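The following paragraphs lead the reader through one structure, from selected ion pairs to the interface between chains. Please keep the sequence and the coordinates in view while reading.

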Amino acid sequence: MEDRSHLTTLKGAYDHKMMEVTLRVRRYAGEGARAHTETYTVDVPVTATLLDCLDEIKDKQDGTLAFRKSCRMAVCGSCGMRMDGGAVLACKTAMKPFVDAGHTVTVSPMGNLPVIKDLVVDMAPFWSKIRAIKPYLDTGGAKAPEKEWRVTPVQGHLVSKEALCILCGCCVSECISMESDPDFLGPAALAKAYRFVGDVRDGDTRARLKDLSGAHGIWDCTRCYFCNQRCPKGVDPRDAIAKLGAEAFREGLTRDEGARHAKVFVNSAHKGGFLRETELVPKTIGPVAAITQIPFALQLARAGKVPNPLAPHKAKDNAEVKRLWKLLESQAPKQKERANSGAPIDGTES
Amino acid sequence: MRAAIEAKRAGVDVAVVSKLHPTRSHSGAAEGGINAALGNATDDSPEIHTFDTVKGSDYLGDQDAIEIMCREAPGDIYELEHMGAIFSRFADGRLAQRPFGAAGAPRTIYSADITGHVLIHVLYEQLVKHDIKVYEEFFCTNLVIDDGRCAGVLAWDVVRGGVHAIEANHVILATGGVGRMYYGTTNAFACTGDGMSLAWRAGVPLKDMEFMQFHPTTLKSNGVLITEGCRGEGGYLRNSKGERFMAIDAPNAMELASRDVVSRAEWKEIAEGRGVDGCVLLDLTHLGHKKIETRLPGSRELALDYAGVDPIRDPIPVRPGAHYHMGGVDVDVWGESIVPGLWAAGEVACVSVHGANRLGGNSLMETITFGRRAGQAAAERVLAEGDTGARIERSVLEDERNRINTLLNATGGERPGAIREQLAKTMYDKAGVFRTQSVLEECVEEVHALRERGRSLRIEDRSSLFNSDLVQALELESMLECADCLVTGAVARQESRGAHARIDFTERDDANWMKHSLAWNDRGEVRLDYKPVTVTKYQPLVRSY
């Protein structure tokens, strides 16, 4: 018989080129303890990620180090943490570039969430916001077809980015609105909300948008774009928030101060080609409330930060602005074709 | 989650206990898709799906169970779609279906290459909708069997510490597989066979444990899986000479032969020196930028992140890695075990629909269909029987607290990580794609020695706050028990069938071995026993692709 014994074990299966990585890790043993930084050096394969390094520390050097992990392939969302001050998924962050650059990274827990221990944060506030946006499909009483709802690839594409979200919290960690208002729904929950608002099968669009347009909702985003920058999956939560704003406008939900603020910007630019800043406050918060802001306005005026309210504030030629306006307007309705296509087509008719 | 949703809908008080937040479970990593004979792409039927699955199982799957899954799969898919699952579509809006290995028709429904992700999120959404209580980050340390029936679970609160008793008339295990006992596995860190080991300790046999599927296309750096969808979309496998070596073992199906067949062909290429740095090459370059970007964006991202290769320009080095455990808790077609009140569904269970080898796209379908069935059947039982009086005695809880405290305060001994690494290498080297008597016997001895070493561990974290050091020690215990069951079964099975390929017994032996193995717990040792395979219509044939 042919000798096939060489087949049982692969030679060289564990051969990896190695490198040495040094990390500074923020440690915190829980309530009452003092946070401090510890430095570790590990020997790992050149392909190692930040998570591989932490794992090596835990196995071989310091079993007390706490961090979450599971899939190690950027899909479960467990290992969000900060590296050099910005949120990353540890399992998606290759260490070789930092080693090559001779840079020692500092690892700390995510921001905007209470720290439990070391790199582990309390995700409870995060999940409560996800639950708050009614995170499930509601067809609005439409009876489900016998087979599938018909959704064309183009319609499905509307939520394809939001569908990528793994709820890791990296966006929330970096959200500056949430820093000043912990009740702000935040980028993850709002992206999840658009995943339903943009779903042609969902029949609860108006009610959803109404809820989302209120306090701590879509208009409280300061558009800093850190969420887009830090999302490890390309969800672009800020874009989702912008889409929610546009949908809310189309539904005529413009009563929120934030919405009115946006509207003044747009109308003013449309009319005169410029933003009329003196109109901004009264039109956003109303003339009566604006009176209370007069002392603030005078302070600004004294500092030379208020343009002459009586001077004409108009661009010489704003035809270009109007052309752009028209172009954008013609494109907007294509965002969601619910109105034209009606409710989803029953999958039984083929 | 699927079982919990079904039970809750039936009006039963239900809770989910999970060592992770529910969306962190490893089903979310499934990429390629889920199989149901919808016939949206070409003509297809549950009967053809059944035959493909029976043949794929190398005739070890129970044909009644396979018939049930293939018949009920389409309805379950439509239901997932109605729940809100975001699937890829054909131009006319129907669910798209693509070809997968060893399937007679394009049968795999998918969501680009993030199908598992989409499904786990839609199930979590339904969990929220149905207001189902979740004990997040609670690690089950033991089942409580009282007077011969399951009375609930004991669980360690990972975040805050402490052992808690959670009483239940019925417990459904849905804890997934045990890939982490192998080096270079595709599985998450969490896949440590906890549920199998819980059931085994509680006196339920584990079935067909020797069958561990090796996925043909995993990355060398960390075992991450590159979906079979890559080959479904037309990718080639090449050796160092550029040859499409599948022409030798599967001239018809080529790269889309069954996973066990492809893994063996690759392993042989690498072992015989026709590999590239211990891998073969998965070549997608001819598919073009657009197809890779639209159909396989996740795979491209994984190759870029973990292999530093852009598949649009260069082939991806891949090798076989432990991926899916066909074996598991012995249950019937409703998911019920021999212990009343104890059920199992998904990879932790062995019904068996996958037999000796699972087809790509059948595992997500199994979790959904048999998860639903287990939830439904357990709920019916609750409604019919009422409270069975399941109670966990104070003394039982105290005993478990003492056990965990002893482990927590153990001094001396070895770090769990050291034993885990040794186990993973032993399994990969000695119970891998090709197996033989003498090497398997060494493996059994080594696993026994590791189990012995595993009895004295050194936990460095003694706190009760998010103590993952303790959790990893508990997980190691599960893996060691599962490994023992696996190798004991493997050394006994003197034939080659599906994923169990013996180089000393190269043929399938239906006369002696067309039977399920059962690994029982005999005072901590593994005792083997066998039971027949259920055959309905399909008599065993030679399996070629």
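Glu72(B) is partly exposed, at 22% relative accessibility. The model is a predicted one, and this residue offers a convenient entry to its charged pairs. The side chain of Glu72(B) meets that of Arg373(B) in a salt bridge, with 2.9 Å from N to O. Glu72(B) belongs to helix α3 (residues 63-83) of chain B and Arg373(B) to helix α11 (residues 362-385) of chain B, so the pair links distant parts of the chain, 301 residues apart. Unlike its partly exposed partner, Arg373(B) counts as buried, with a relative accessibility of 4%.

Side chains of opposite charge can pair when their charged atoms come close. Over all chains, the structure holds 87 salt bridges. Another of them joins Asp52(B) to Arg107(B), whose closest N and O atoms are 3.0 Å apart. Because Asp52(B) lies in helix α2 (residues 46-56) of chain B and Arg107(B) in the loop between β3 (97-98) and β4 (108-109) of chain B, this pair ties together parts that are 55 residues apart in sequence. Here Asp52(B) is buried, with a relative accessible area of 8%, and Arg107(B) is buried as well, at 1%.

A further pair in chain B is formed by Asp510(B) and Arg497(B), with 2.9 Å between the closest N and O atoms. Asp510(B) is located in helix α16 (residues 510-513) of chain B, whereas Arg497(B) sits in the loop between α15 (468-492) and β19 (501-502) of chain B; the salt bridge therefore ties together parts 13 residues apart in sequence. Asp510(B) is partly exposed, with a relative accessible area of 27%, while Arg497(B) is buried, at 0% relative accessibility. Both residues belong to one network of salt bridges that share partners, which also includes Asp58(B), Glu210(B), Asp260(B), Arg264(B), Arg493(B), Glu495(B), Arg508(B) and Arg543(B).

Attention now turns to chain A. This chain contains 16 helices and seven strands. Its C-alpha trace spans about 90 × 65 × 40 Å along the principal axes. The radius of gyration of chain A is 26 Å, whereas a compact globule of 350 residues would have one near 20 Å. Of the 350 residues in chain A, 46% are buried. Among the contacts in chain A with a separation of 6 or more, 67% involve residues 24 or more positions apart.

How many residues of each chain take part where chain A and chain B are in contact? Chain A contributes 75 residues and chain B 79. The size of an interface is often given as the accessible area lost when the parts come together. Between chain A and chain B the buried area is about 6500 Å², and carbon and sulfur atoms give 54% of it. Leu10(A), Tyr14(A) and Arg72(A) supply 12% of the area that chain A buries against chain B, more than any other three residues.

Charged and polar pairs also span this interface. Ten salt bridges are counted between chain A and chain B; Lys233(A) forms one with Glu301(B), the closest N and O atoms being 3.7 Å apart. The interface also has 43 residue pairs in polar contact. On the side of chain A that touches chain B, the elements giving two or more residues are α1 (50-61), β6 (115-117), α3 (124-132) and α7 (186-197) of chain A. Of these, α1(A) gives the most, with six residues. By class, this side of chain A has 37 nonpolar, 16 polar and 22 charged residues.

Conventions
Residues are numbered from 1 along each chain as its sequence is written. Chains are lettered from A and ligands numbered from 1 in the order in which they are written. This is a predicted model: local features need pLDDT of at least 70, side-chain atom pairs count only at pLDDT 80 or more; totals for chains, interfaces and linings use all residues. Side-chain values use heavy atoms; hydrogens and water are left out. Contact means heavy atoms within 4.5 Å. Buried area is the accessible area (1.4 Å probe) that two parts lose on being put together, summed over both. A salt bridge is a side-chain nitrogen of Lys or Arg within 4 Å of a carboxyl oxygen of Asp or Glu. A polar contact is a pair of N or O atoms within 3.5 Å; within protein, one must be able to donate a hydrogen and the other to accept it, and residues adjacent in sequence count only if both atoms are side-chain atoms. Helices (H or I, at least four residues) and strands (E, at least two) are DSSP runs, numbered from the N terminus. Ala, Val, Leu, Ile, Met, Phe, Trp, Tyr, Cys and Pro count as nonpolar, Asp, Glu, Lys and Arg as charged, and the others, Gly among them, as polar. The radius of gyration is taken over C-alpha atoms; the globule rule is 2.2 Å times the number of residues to the power 0.38. Buried means under 20% relative accessible area, exposed over 50%, partly exposed in between (1.4 Å probe, protein chains only).
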